[in-house]
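Morning, everyone. Please have the sequence and the 3D view open while I talk.

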Amino acid sequence: MTDTNKKVFTCIVCPRGCEVTANLDKEGNILSIEGNSCPRGETYVKNELLNPMRQLTSTVIIEGGIYDRLPVILSDVIPKGKMMDVMEALNGVKVKAPVKRGDVIVKNICGLNVDVVASRSM
Amino acid sequence: MNSRKIVIIGGGSAGIAAAIAAYNNGCDDILLLEKDAELGGILLQCIHNGFGLHRFGEELAGPAYAEKWKDMLKDLPVEVKTDTTVIHLDSDRNVTYVNPAEGYVTVKAGAVIMALGCRERSRGAIATPGYRPSGVWTAGTAQKYLNMQGYLVGKRVFILGSGDIGLIMARRMVLEGAKVLGVAEIMPYSNGLPRNMKQCLDDFDIPLYLSHTVTDIRGKDRLNGITISRVDESLNPIKGTEIDFDVDTLLLSVGLIPDTALLSEAGALLHPKTKGAKVDEHMMTSVPGIFACGNGLHVHDLVDFVSMEGEEAGAAAAKYVKGEFIPKKGYELMPGDGVSYVLPCVVSPDIMEDELEIKLRVKDNRRNVRLVLREGDKTIKEVRKLKTAPSEMEKVVVKKAELAAISGPMTLAVEDMG
Ligand SMILES: Cc1cc2nc3c(=O)[nH]c(=O)nc-3n(C[C@H](O)[C@H](O)[C@H](O)COP(=O)(O)OP(=O)(O)OC[C@H]3O[C@@H](n4cnc5c(N)ncnc54)[C@H](O)[C@@H]3O)c2cc1C
Ligand code: SF4
């Protein structure tokens, strides 16, 4: 038996999908991180161990657009556990066309310090 | 009959990029035809992020990536017709389209760029005989309903095939309140990008059944259950391995194939593996003056590469209409060991650009390999790879000078580093 253990992650920060290994001591402290092709992979794995963060995209109802739904995205990642809260908060949100890409649709959603913004103009 | 220098068919990522590049390479008479109400193609329904990292250095949602390209096109003198469907193409580059404003029109094109995208496979995906109740959808159709119209096709869902669209829909439907009971993949490996396995399945504890396929679907009018079975090495279901699921929806994510009806009509040779056209180093098909790019040529996983390929085709078509290339001799480029396909299929070193990007897909998941381009026994180029997977398109870039001495067919193979 050794005092270290390895945890393997698939980095999801970019499509390359590097396999990143974190070497941890008995208490779960990070000793080293390897396999990432860029520094963002390291940050990702650190977050993954402490507090996994995710981007979330969805749609809101739009009136007067060429489709019935406007795609939206978050201005920044949120804790993974909060995704469902945000989905619930978006339920029933309605906007009117015209909307421009980047327009804030909901400010500071669920108090997470991120905004919901329009992914496209419509 | 009216005539145009370049006609581009399909206004998705590939077609938009082709139009911009054709203009930038000196063509001032370009017509872009799109059957939908607006440009953008499949990306308009891909609301997830993950587009544009190579191109714009940021992770955009699909519609945002499309909008950035549409903005670049907007101010150029390219004529765009939407709601316009091309219905015929012949080998003399006569393009026939229909639209509500003009009816039925034929234009003669100096060059045609095929950027029609792909279709989802559906038939033959399920080995069950007979009746098909409602509730069986292709993943892309379900995606379009949900993301553009707000209609969720079902509440208890199973997904056949581990393609990226299915994985992305698994997450999306869970977030919208549906339960996704699992994904079955007939191959022993996943077809999706590793990141989608992680963020779409693992994150939501959705089980992936590798080497499994759907062997029964139940329900009369509406689907109410399915059965999956393990398959053996020849992909035949094994008796006694059945697992039942009560579901109202089955999504099919079993692959995409280039849309080539028009290409076939024009007499272009098709590639047995990609199911798209066979092209040369300038993305030209076997029919002179007809070019192909994007998912209509071979299925891509990254839109950034689709745009790049559109640009190559656009630039090449612009040169073609100026009469700038007449090849002396083309040499065949063939897949070697471990490679499922390579594009282009023919290379003419005398007229190629300074650099040629050879695109390929490998046959299986491997580690520590090299991709080797050879003419006979002679190695022309070698590229090391830490890992390769059939789900990821690989590229080998060769310089014009490296191909200067070629005098026969070339092969591209995967080999162990040893
Ligand atoms: C569901 C899905 C998810 C994806 N996810 C990602 C991802 O996360 N990241 C990433 O980088 N890439 C992703 N991709 C890949 C990428 O989006 C596509 O490869 C790319 O957008 C394809 O562009 P295209 O122009 O070749 O085809 P399309 O976008 O399909 O464009 C083809 C266009 O041609 C038009 N057309 C077809 N037939 C005719 C006709 N007869 N006359 C006139 N017009 C016609 C169509 O209406 C369409 O607009 C995804 C693809 C799909 C399908
Ligand atoms: S480590 Fe860097 S290159 Fe690798 S997947 Fe993560 S972000 Fe992409």
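I'll take ligand 1, then a sheet in chain B, then chain A and ligand 2. One thing to keep in mind: this is a predicted model.

Start with ligand 1. How many residues surround it? There are 32. The closest are Ala14(B), Glu34(B), Ile42(B), Asn295(B) and Val303(B). By class, that shell splits into 14 nonpolar, 14 polar and four charged residues.

Now the polar contacts. Asn295(B) comes up again here. One of its polar backbone atoms is 2.8 Å from an oxygen atom of ligand 1. Asp301(B) also uses the backbone: a polar atom there sits 2.9 Å from a nitrogen atom of the ligand. Lys35(B) is another case, with a backbone N or O atom 3.2 Å from a nitrogen atom of ligand 1.

So much for single atoms. How much of ligand 1 does the protein bury? On its own, the ligand exposes 1000 Å², and the protein buries 94% of that. Which elements give two or more residues to this shell? In chain B, they are two helices and two strands: α1 (13–24), α8 (303–321), β3 (49–51) and β6 (85–89).

Next, stay in chain B and find the open sheet. It has three strands, in the order β14-β15-β16, and the pairing is antiparallel. Why do β14 and β16 each have one side without a neighbour in the sheet? Both stand at the edges, β14 at 212–218 and β16 at 243–245 of chain B. Each has a single partner strand, so one side is left without a neighbour in the sheet. On average, neighbouring strands here are turned by 25 degrees against each other, direction ignored.

Look at one pair in detail. β14(B) and β15(B), residues 225–230, are joined in the antiparallel sense over six bridges. As an example, Thr213(B) has Ser229(B) in β15(B) as its bridge partner.

Now over to chain A. It is divided into domain 1, residues 4–50, and domain 2, residues 57–118. How far apart are the centres of domain 1 and domain 2 of chain A? Taken over C-alpha atoms, 30 Å separate them.

Last stop, ligand 2. Which residues lie around it? Among them are four cysteines: Cys11(A), Cys14(A), Cys18(A) and Cys38(A). The list also includes Arg16(A), Arg40(A), Asn36(A) and Ser37(A). By class, the shell around ligand 2 has five nonpolar, four polar and two charged residues.

That's the tour. Questions, please.

Technical notes: Residues are numbered from 1 along each chain as its sequence is written. Chains are lettered from A and ligands numbered from 1 in the order in which they are written. This is a predicted model: local features need pLDDT of at least 70, side-chain atom pairs count only at pLDDT 80 or more; totals for chains, interfaces and linings use all residues. Side-chain values use heavy atoms; hydrogens and water are left out. A residue is near a molecule or strand if one of its heavy atoms lies within 4 Å of it. Ala, Val, Leu, Ile, Met, Phe, Trp, Tyr, Cys and Pro count as nonpolar, Asp, Glu, Lys and Arg as charged, and the others, Gly among them, as polar. Two strands pair if DSSP finds at least two bridges between them. Helices (H or I, at least four residues) and strands (E, at least two) are DSSP runs, numbered from the N terminus. Axes are lines fitted to C-alpha atoms, for helices over the stretch in contact, and angles run from 0 to 180 degrees between N-to-C directions. A polar contact is a pair of N or O atoms within 3.5 Å; within protein, one must be able to donate a hydrogen and the other to accept it, and residues adjacent in sequence count only if both atoms are side-chain atoms. Accessible areas come from the Shrake-Rupley method with a 1.4 Å probe; for residues, only the protein chains shown count as cover. Domain bounds come from an automatic or database domain assignment.
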